[in-house]
Amino acid sequence: MNQNETPSLSEVLNPTEHKKKKWSAFVESDVANFFIQFDLEKMSIDDGYGNKAKLTRTKDNEIKVEYTSSTVL
């Protein structure tokens, strides 16, 4: 947060809590790195809050990523 931004309610109530990473960013970075590191062919993950992702390796050794996310307002 810079000086010109107003803090969110979450930041005010929990100032020491780490900022949450977006589901898409988590899947495309941490999950994809795990998938590559262990040379997996398929993997599905679910966070229990409606966010799901499926990674599969293609014939060309590329990684296909499909994910959904859910937001409560």
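## Close-up views of the predicted model

**View 1. Ile-45 and its partner across the first strand pair.** Ile-45 has Ala-53 of strand 2 as its bridge partner. Like everything else in these views, this pair comes from a predicted model. Met-43 also has a bridge partner in strand 2, and that one is Leu-55. Zoom out a little and you see strand 1 and strand 2 (residues 52-57) running antiparallel, with five bridges between them. The hairpin they make has five residues between the strands, and Gly-48 in that hairpin takes a positive phi near 85°.

**View 2. The second strand pair and its turn.** Here the spotlight moves to strand 2 and strand 3, which pair in the antiparallel sense over six bridges. To get your bearings, look for Thr-56, whose bridge partner in strand 3 is Lys-64. This pair makes a hairpin too, with five residues between the strands. In its turn sits Asn-61, with a positive phi of about 65°.

**View 3. The whole sheet.** Put the two hairpins together and you get an open sheet of three strands in the order 1-2-3, with antiparallel pairing. Strand 1 (42-46) and strand 3 (63-68) stand at the edges with a single partner strand each, so one side of each has no neighbour in the sheet. On average, neighbouring strands here are turned by 10° against each other, ignoring direction. As a general reminder, the strands of a sheet pair through backbone hydrogen bonds, either parallel or antiparallel.

**View 4. Two faces of strand 2.** In a regular strand the side chains alternate between the two faces of the sheet. Which residues of strand 2 are on its covered face, and which on its uncovered one? Ala-53, Leu-55 and Arg-57 make up the covered face, while Lys-52, Lys-54 and Thr-56 make up the uncovered one. Two of the covered residues have already turned up as bridge partners: Ala-53 goes with Ile-45, and Leu-55 goes with Met-43. On the uncovered face, Thr-56 is the residue that bridges to Lys-64.

**View 5. Helix 2 over the strands.** Helix 2 (residues 23-37) lies across strand 1, strand 2 and strand 3. Against strand 2, the helix runs at about 40°. For context, the protein chain has two helices and three strands, and from the N terminus on they come in the order α-α-β-β-β.

**View 6. Arg-57 and its surroundings.** Is Arg-57, which lies in strand 2, buried or exposed? Arg-57 counts as buried, because its relative accessibility is 16% and the cut-off for buried is under 20%. Its side chain has a polar atom 3.0 Å from the backbone oxygen of Leu-40. The side chain of Arg-57 also makes a polar contact with the side chain of Asn-61, at 3.1 Å; Asn-61 is the turn residue with the positive phi from View 2. Leaving out residues up to four places away in sequence, Arg-57 touches Phe-35, Ile-36, Asp-39, Leu-40, Glu-41, Glu-62 and Ile-63.

**View 7. Aromatic pairs.** The structure holds two aromatic pairs. Trp-23 and Phe-26 make a tilted one, 5.7 Å from centre to centre and with 40° between the planes. These two are three residues apart in helix 2, so about one helical turn separates them. Trp-23 is buried, at 13% relative accessible area, whereas Phe-26 is partly exposed at 30%. Phe-34 and Phe-38 make up another tilted pair, with 4.8 Å between centres and 50° between planes. Both of these residues are partly exposed: Phe-34 has a relative accessible area of 41%, and Phe-38 has 48%.

**View 8. Stepping back to the full chain.** Of the 73 residues in the protein chain, 14% count as buried; Trp-23 and Arg-57 are among them. The chain exposes about 6400 Å², and 51% of that comes from carbon and sulfur atoms. Among contacts between residues at least 6 apart in sequence, 20% join residues at least 24 apart.

Definitions and conventions. Residues numbered from 1 in each chain as written. Predicted model: local features only at pLDDT ≥ 70, side-chain atom pairs only at ≥ 80, totals over all residues. Heavy atoms only, no water. Helix = DSSP H or I, 4+ residues; strand = E, 2+ residues; numbered from the N terminus. Buried < 20%, exposed > 50% of the residue type's maximum accessible area, 1.4 Å probe, protein only. Contact = heavy atoms within 4.5 Å. Areas by Shrake-Rupley, 256 points an atom, 1.4 Å probe, with all protein chains shown as cover. Pairing = 2+ DSSP bridges. Axes fitted to C-alpha atoms, helices over the stretch in contact; angles between N-to-C directions. Phe/Tyr/Trp six-rings, centres within 6.5 Å; stacked < 30°, edge-to-face > 60°. Polar contact = N/O pair within 3.5 Å; in protein donor to acceptor, adjacent residues only side chain to side chain.
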